[in-house]
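Colleague: I am new to reading protein models, and I would like to go through one slowly with you. Could we take one feature at a time, with the general idea before the case?

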Amino acid sequence: MADFDHNNHWLIDRGDGRPSVNLVVLSFVNPLSLLNGTTGSGTADGAPIGMNQAVVDYFTSHGIRVMLSIGGITYTDDWNTALAQNPGLLGQKAAALASRLGVGIEIDYEESASPDTAGLQAFIDAYRAAHPYDASGADPTARLTIDVAAGDRWLIDLDQYATDHWLTTGTPVLDYANAMVPSKQPSATGAEDNWQEHLTGKPNFDPAIPPLAPAKFTGSLYIAEGSQVRPECTDFSTSLQNATSTWTQNAAPAGAGTTTGLLGYMFWAAERPSARGVTTTPPNSCEGGVGAGATAFDIPIPMPPLRQS
């Protein structure tokens, strides 16, 4: 934990003793390993050994909510296999893992061609049977979210199904969707255009993607990318979170929801965003970007109940 703290201390201390974030998502749980309860050199009962109580408590002791992400692009085929084998049991095992660690779950299922939405529905039903939707946010295990593409033009079938069935404000099933980073860091206009697609939907698609309420999604930005430490990590004044902040805080409903503004920003990714390239470990830590943004935006810590419409 001393090494972990050295590499990640900026997350719990922006320089004045306050955390830089109010949410950390630990990535990634292999869905097939979770289904099979695999224990080996890198996993314990289906979860990576680094996703343990000490790491969770490191964040929650500072008022930071913790979630585990299941999937990622590397494990797309394993998602497909696990959903084909026993999606209900997978949902039960995800719920049990959430209960054991006191965390929420993020669904990161990046199948762009014919995703198994029926299987994912069974997974979600099983999870929600153990941890019902909780608008108050008081129960960390009830926080269940999904990743979608930066805009509406990738992961189209999953995006359509999730927006239509799980992310409505009237009968919500998932807490929110996270619009992931695109293939490379966008411009401010590019990021806003991507996020606007979720607000507006795609009525010309068949089936149509309905509008998504601003209160039902977050937008993502890189903080480290390839060989480059981004200003999003180190210099808030020139960062995209600063450049897009007016749009993000004032994005209006375009057919769904009643309140303005996205839920917030997500950042990819603390410590090591990829197997190669730069990290956010010292001297590249992100107090000056993400941390300064937390101060500028007066980010509430701990995270309050989410807006519901």
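**Reading a model step by step**

Modeller: Ser33 counts as buried because its relative accessibility is 15%, where buried means under 20% relative accessible area, exposed over 50% and partly exposed in between, with a 1.4 Å probe and protein chains only. This is a predicted model, in which local features need pLDDT of at least 70, side-chain atom pairs count only at pLDDT 80 or more, and totals for chains, interfaces and linings use all residues. Residues are numbered from 1 along each chain as its sequence is written, and side-chain values use heavy atoms, with hydrogens and water left out.

Colleague: What is the place of Ser33, and with which residues is Ser33 in contact, leaving aside its neighbours within four places in sequence?

Modeller: Helices (H or I, at least four residues) and strands (E, at least two) are DSSP runs, numbered from the N terminus, and Ser33 belongs to helix α2, residues 31-36. Contact means heavy atoms within 4.5 Å, and beyond those sequence neighbours Ser33 touches Thr38 and Gly46 in this sense. Trp79 is 46 residues from Ser33 in sequence, with 9.9 Å between their C-alpha atoms.

Colleague: How is the sheet ordered, and is the pairing parallel or antiparallel?

Modeller: Strands of a sheet pair through backbone hydrogen bonds, either parallel or antiparallel. Two strands pair if DSSP finds at least two bridges between them. Here 7 strands make an open sheet, ordered β1-β4-β5-β6-β7-β8-β11, with parallel pairing. Its edge strands, each pairing on one side only, are β1 (23-29) and β11 (265-268). Between β1 and β4 (residues 65-71) there are 6 bridges in the parallel sense, and Val24 has Val66 in β4 as its bridge partner.

Colleague: Which helix lies across β1 and β4, and at what angle to β1?

Modeller: Axes are lines fitted to C-alpha atoms, for helices over the stretch in contact, and angles run from 0 to 180 degrees between N-to-C directions. Helix α3 (residues 53-60) lies across both strands and runs at about 160 degrees to β1.

Colleague: How far does helix α8 reach, and which of its residues are buried?

Modeller: The expected span of a helix is 1.5 Å times one less than its number of residues. Helix α8 (residues 188-200) has 13 residues and reaches 18 Å from its first C-alpha to its last, close to the expected 18 Å. Its buried residues include Ala191, Trp195 and Leu199, and Gly201, which follows α8, has a positive phi near 80 degrees.
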